[in-house]
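Q: Please take a close look at one strand of this structure and at its surroundings. A connected account for a newcomer would be welcome.

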Amino acid sequence: MATLPNPLPGLAADPTGRSLGLERPLPPGRLIDTTDEGPWHEPLLWYADEPAEPGAWTAAQPARRTAGLLPVLLDVGDGQGGPEEWELMPGEMSYPGDHDPEEVLADLWDTVAPDDATAGDAAGAGDWPGLAETAGPDDGGPDPDALAAEVADALLAGRTRLKEPRLALVPARRSADIPAAIGWGGPLNHEGDVARLCAVLRSWEDRFGIRVVALGFDHLTVSVATPPTTEAEARHLAAEHAAFCPDTAGQATYAKTLLGADTWTFWWD
């Protein structure tokens, strides 16, 4: 996929990240270039050697402005090890901007939700209902980046399914691109080119103010600045979630969990 100039190699000479204008130095960490086919030609991400604590996300946020490095929490305690053991596949990723999110979801919907039994309580089971409408994150909701920091702190405070979250920094154009930027293969059994799912995440950024907050070997958590507020909106959105991640959204009452929720979590078997 297309990439920006990579600032990560600079951390080899400046491991504290002081040159990034951070509020506090980075903890000891490592640069990862390990992929399923051997070393990548440049680092894919940096991540800390020690568990993250509340405040770590906020302290790392200036790196977004100064270097284009976006924070994300990586769960290395779910039995699959750290990202160097995840068989990352950056060479197999396309560019999220090359995909139309509605076309991606409609295509996936046809493969996973052909009838009521597999679509849960999503609106329009059996037929792709189109994208859900929303007021958008600029119409009175919380600031998406500020909310992402709050959600990250909540996850780090223990109100989470994350077992051992570590702070990571990823060079990416926008938060939605983080999975593809590192070649993450969590949804591999559902979608081989994660950039297609990142196109959907981009659409959710625009419509719901989401930010990618945490990644594990096969799970993803996003913060949500403007979640649906009515059951009709939630049922329509549940159709998108069912196409995006049928392992999560096929539950019978899934749409109700989306009402007012400031986080969405997806996992793929």
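A: In this predicted model, strand S6 covers residues 165-171, and six of its seven residues are buried, so the strand is largely enclosed by the rest of the structure. Burial here stands for a relative accessible area under 20%.

Two strands pair with S6. Strand S5, residues 69-75, runs antiparallel to S6 and is joined to it by seven bridges. Within this pairing, Leu 73 has Leu 167 of S6 as its bridge partner. Strand S4, residues 45-48, is also antiparallel to S6, with two bridges between them. Here Trp 46 lies opposite Leu 169 of S6.

The loop that lies between S5 and helix H4 (101-112) contains Glu 87. The phi angle of Glu 87 is near 55°, a positive value in a residue that is not glycine. Glu 87 has a relative accessibility of 57%, so it counts as exposed, the threshold being over 50%.

The nonpolar interior can be described next. The largest nonpolar core has 55 residues, and those touching the most other members are Leu 45, Leu 201, Trp 204, Leu 220, Phe 244, Trp 264 and Phe 266. Helix H8, residues 194-208, supplies the largest share of this core, with eight residues. Leaving aside residues up to four places away in sequence, Phe 244 touches several residues, among them Leu 105, His 190, Leu 201, Trp 204, Leu 220 and Phe 266. A second core, separate from this one, consists of 27 residues, including Ala 52, Leu 147, Leu 156 and Ala 214.

How values were computed
Residues numbered from 1 in each chain as written. Predicted model: local features only at pLDDT ≥ 70, side-chain atom pairs only at ≥ 80, totals over all residues. Heavy atoms only, no water. Buried < 20%, exposed > 50% of the residue type's maximum accessible area, 1.4 Å probe, protein only. Helix = DSSP H or I, 4+ residues; strand = E, 2+ residues; numbered from the N terminus. Pairing = 2+ DSSP bridges. Core = buried A, V, L, I, M, F, W, Y, C linked by side-chain atoms within 4.5 Å. Contact = heavy atoms within 4.5 Å.
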